[in-house]
Structures are given as structure tokens and as C-alpha cells.
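User: I would like a close look at one part of this model. Please take the pairing of two neighbouring strands, and then show me what surrounds them.

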Amino acid sequence: MSYSFHKNAHSAIKTLGACLIAFGSASASGSVVYGGEDFTGIPVYFADTVVSYDPLPDINGKLPNAGSDNPKAALGAPDYVSSGPFYASLGVGGSLVLGFKDRYLTGSGNANKDLWIFEIGLPEAMTVEISKDLNEWFSVGEAKASSGKAAIGIDIDSYGYGPSAFFSYVRLIDVAGDSELRCSTSTDYCFVGADIDAVGIASTAPVPVPTAFWLFGSALTLFSLFGKRKADLARI
Ligand SMILES: [Ca+2]
Ligand SMILES: [Ca+2]
């Protein structure tokens, strides 16, 4: 029991440490550029959960091929490099829903961009919706990258969502017919539709610490008291 607890505590501390390190790398001093946009001094939190991924085929029935069809590649900070597929293609009219466990997306109270989508390759339009509960969705317009720049910023205040609106989910739906309708017929490689490298939020609020964390904290206190008691006994 005590070993198992210790192991879990160690693992939780490691996870917490990893989170802090991940946050630190995005907000460390020095230049921080993602997808051609300068985020220096702006903490950005990236999606950490895949809720659903439903790519749709091109007009010839071809789906994004292996390597471009991994929704987990859209989690975390932008990491696309031309030598590897670090993105998820939506296919023609397909969708991807991502979530944020630790932070809410909020409005900023001004025109600053709050939600960021990083779309690589040929710029392809997608509709963007946000949700608190995966049931009700709110449109925040259509997003399309500028040529040569993957980052697309959205000001959700301009859609009526301010600092007291809290969202946990983002849904991206490829605009079918925006550009590519078919995969290349000359190669087997298929990555039609918007290609999502990452989704980040820059206007955020912390998600309240779950009960489990407080239980963990109490258990940690008990554990440390137990250790002290053992040490005291050892001195007797
Ligand atoms: Ca804003
Ligand atoms: Ca990626």
C-alpha cells in the first residue's frame, strides 16, 4: 500500500513537473515563435486531448493516408517540419475536436487573439466552433492561414465571448470545396483538407483543481507525517 502510494505520488509529481516544464518552454524569455507568429512573453496552452477525429474522403473515396491521419499529431506545440507528418489532415469536409484539461479558453476583454490554429501546407479554410460541454457549439467564424504562415489567430471577444466565458473544446471542420477536392492521382500520398499541426489558447483561465488533487495533497501530508512518526520511533 505504502509502496503503491509512493509510486503514484512520484508519478504525479513527475507529471506536474513535466507540465511546468512544458509551460516554461513556451513562456521562457527569448524569442518564442510558433507558425510564423511571435508569442514571446505570451503563455500559450496547447490542446492536450483528442475528443474525436472524423476525416472524410476525397471525391475518389480516398482518405488522408497513414502518417497524416493521426489526430494526436495535432496535440501539443506546433512541431511540423517538412521531413515528417506532424499534423492531422481533415479530409474533404472532415472534422477534429480537441480539448484542454487544465485551462479554459476565454475572451481577453479586448481585440487580442485568443484562439490559435496552426495549419500547414496549402492554406485551406475550416470553420471553427468552441464549446463548454461538447453539446452546445458556438461558431467563431472561418479560419484560413495566410500563405507561408501557419498561425491563424481568432479574437473570440468579437463573437461576444469575454473573459467570463469559459470553453474547453474546439471543433474544426474542413470547408469542403475550398481548395483540394481530390488527393493526388500521381502519387499515393493523400492529405486533403485542412492539415492541423496544433491548436493553442492564449487567453485562458485555470480549470479549478479537481477534488482528486486535494485528496492527493491530504494523502501526501499523511504520508509525510507517517514518515516522521517512523523516524521518531527509530530514535526511541
Ligand atoms: Ca480577444
Ligand atoms: Ca503537430
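Analyst: Strand 9 and strand 10 run antiparallel, and five bridges join them. One residue pair shows this: Glu129 has Ser139 of strand 10 as its bridge partner. This is a predicted model, so keep the confidence values in mind; where pLDDT is low, the coordinates should not be read in detail.

Now step back to the sheet. The five strands of this open sheet follow the order 4-6-12-9-10, and the pairing is antiparallel. Strand 10 is an edge strand, pairing on one side only. The other edge is strand 4, residues 49-54. From one strand to the next, the twist averages 20 degrees.

Next, the core. The largest nonpolar core holds 44 residues. Those touching the most other members are Ala74, Ile117, Val170, Leu172, Ile196 and Val199. Strand 9 (126-131) and strand 10 (137-143) are among the elements that give two or more residues to this core. Strand 6 (95-99) and strand 12 (169-174) are also on that list. So is strand 8 (115-119).

Look at Ile117. Leaving aside neighbours within four places in sequence, its contacts are Val128, Ala143, Ile152, Leu172, Ile196 and Val199. In soluble globular proteins, nonpolar side chains tend to be buried together.

Last, confidence. The chain has a mean pLDDT of 81, and 71% of its residues reach 70 or more. Residues 1-28 stay under 50. For that stretch the model has 11 contacts beyond four places in sequence.

Key:
Residues are numbered from 1 along each chain as its sequence is written. Chains are lettered from A and ligands numbered from 1 in the order in which they are written. This is a predicted model: local features need pLDDT of at least 70, side-chain atom pairs count only at pLDDT 80 or more; totals for chains, interfaces and linings use all residues. A nonpolar core is a set of buried Ala, Val, Leu, Ile, Met, Phe, Trp, Tyr and Cys residues joined through C-beta atoms within 7 Å. A residue is buried if 20 or more other C-beta atoms lie within 10 Å of its own, exposed if 12 or fewer, and partly exposed in between; C-beta atoms are placed from the backbone. Helices (H or I, at least four residues) and strands (E, at least two) are DSSP runs, numbered from the N terminus. Two residues are in contact if their C-beta atoms, placed from the backbone, lie within 7 Å. Two strands pair if DSSP finds at least two bridges between them. Axes are lines fitted to C-alpha atoms, for helices over the stretch in contact, and angles run from 0 to 180 degrees between N-to-C directions. pLDDT is the predictor's confidence in each residue, from 0 to 100.
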